[in-house]
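Grab a viewer and work through these exercises one at a time. Try each task before you read its solution.

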Amino acid sequence: MGEKDKKLKFTATDIRTFFYCPRLYFFQEHLKEKPVSPRQRVRLLLGRLYHVYKRLKGRLKGWKTEEQGYIELGSISIHGRADAVERGGETLLVHEYKSGKAPRRGVWLSDLMQAVAYAFIFSRKTATRELLVQIHYRDKSVRSRVDSDTIAIFVRALEDMYIIKKHGVLPDPNPSPGKCSRCPFSGICKMMEVDGALSGWVREMGPIYPVGSQRN
Ligand code: SF4
């Protein structure tokens with residue numbers, strides 16, 4: 001396969017980062033240095049421990065955990081490892097564990113889109129009519145159907161991510177005081193313009209997607 005025929009590779013985690021902040025995705029993709037503060041290291045470690053605990057619980061319920069896969073879509077491929085996947089008849093349910101708290105209603109958009117990426121990847125392996133994702137936060141668990149609106153948002157993100165990765169175009173940021181205070185790229189980010197040219201729609205959507213039904 002020639003260089004120009006190579007597919008651009010994205011991960012489900014990249015998709016989550018894009019929805020969290022498109023500009024952070026740009027920095028992670030194009031800047032070699034990815035500084036991590038000691039506080040962030042501790043958060044990462046705690047997050048990993050939480051995932052191990054939740055995966056063990058999933059395994060005891062008979063779910064397939066840490067399933068790895070990928071899907072090719074035209075000139076791109078999407079890769080990921082789902083926390084747990086449950087299959088029943090023509091239904092596929094992806095479980096995603098998060099160590100943080102849920103919003104009061106719905107789910108965090110970035111978490112939902114990460115889970116949708118896994119649902120996409122694993123739906124190709126089996127004849128699936130119904131795609132569901134369930135996000136397990138520390139305080140509650142929310143299940144949601146992957147419908148045509150969700151898929152349209154997901155595809156729109158992939159189009160922007162393609163431009164960012166392939167052509168190095170700087171997207172608009174999706175800032176918040178909390179996010180930016182923890183961001184290792186905040187210094188360089190402040191020096192850059194916001195021009196509304198690419199991915200400004202992510203900020204307009206807001207951080208919460210009002211879907212899903214609460215579960216125990
Ligand atoms: S400083 Fe804020 S807006 Fe800029 S990349 Fe980081 S999270 Fe995004």
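**Exercise 1. Find out in which sense β4 and β6 pair, and over how many bridges.**

Solution. Start with strand β4 (residues 91–97), which pairs with β6 in the parallel sense over seven bridges. Strands here are DSSP runs of E with at least two residues, helices are runs of H or I with at least four, and both are numbered from the N terminus. Two strands count as paired if DSSP finds at least two bridges between them. For a single pair to look at, take Val94: its bridge partner in β6 is Val133.

Before going on, keep in mind that this is a predicted model, where local features need pLDDT of at least 70 and side-chain atom pairs count only at pLDDT 80 or more, while totals for chains, interfaces and linings use all residues. Residues are numbered from 1 along each chain as its sequence is written.

**Exercise 2. Work out what lies on β6's other pairing, with β7, and which β7 residues are buried.**

Solution. First the pairing: β6 and strand β7 (residues 141–145) run in the antiparallel sense over five bridges. A hairpin of four residues joins β6 to β7. Next, the opposite numbers: His136 faces Ser141 in β7, and Val133 stands opposite Ser144.

Now the burial. A residue is buried if 20 or more other C-beta atoms lie within 10 Å of its own, exposed if 12 or fewer, and partly exposed in between, with C-beta atoms placed from the backbone. In a regular strand the side chains alternate between the two faces of the sheet. In β7, Val142 and Ser144 point to one face and are buried, while Ser141, Arg143 and Arg145 point to the other and are not. As for β6 (residues 130–136), five of its seven residues are buried, so call that strand mostly covered.

**Exercise 3. List the residues around the ligand, then sort them by element and class.**

Solution. The list reads Cys21, Arg23, Leu24, Phe27, Pro173, Pro175, Lys179, Cys180, Cys183, Phe185, Ser186 and Cys189. Being near means having a C-beta atom, placed from the backbone, within 6 Å. Elements giving two or more residues are α2 (22–30), α6 (177–182) and α7 (186–190). The largest share, three residues, is from α2. By class you get nine nonpolar, one polar and two charged residues. Nonpolar covers Ala, Val, Leu, Ile, Met, Phe, Trp, Tyr, Cys and Pro; charged covers Asp, Glu, Lys and Arg; the others, Gly among them, are polar.

**Exercise 4. Is Cys180 buried, exposed or partly exposed, and what does it touch?**

Solution. Place Cys180 first: helix α6 holds it. With 16 other C-beta atoms within 10 Å, Cys180 is partly exposed. Leaving out residues up to four places away in sequence, Cys180 touches Pro175 and Ser186, where contact means C-beta atoms, placed from the backbone, within 7 Å.

**Exercise 5. Which residues of α2 are buried, and what covers them?**

Solution. Pro22, Arg23, Leu24, Tyr25 and Phe26 are the buried ones. Their cover includes α1 (12–20), α5 (148–167), α7 and α8 (200–205). To finish, zoom out: of the chain's 216 residues, 31% count as buried.

Technical notes
Contact = placed C-beta atoms within 7 Å.
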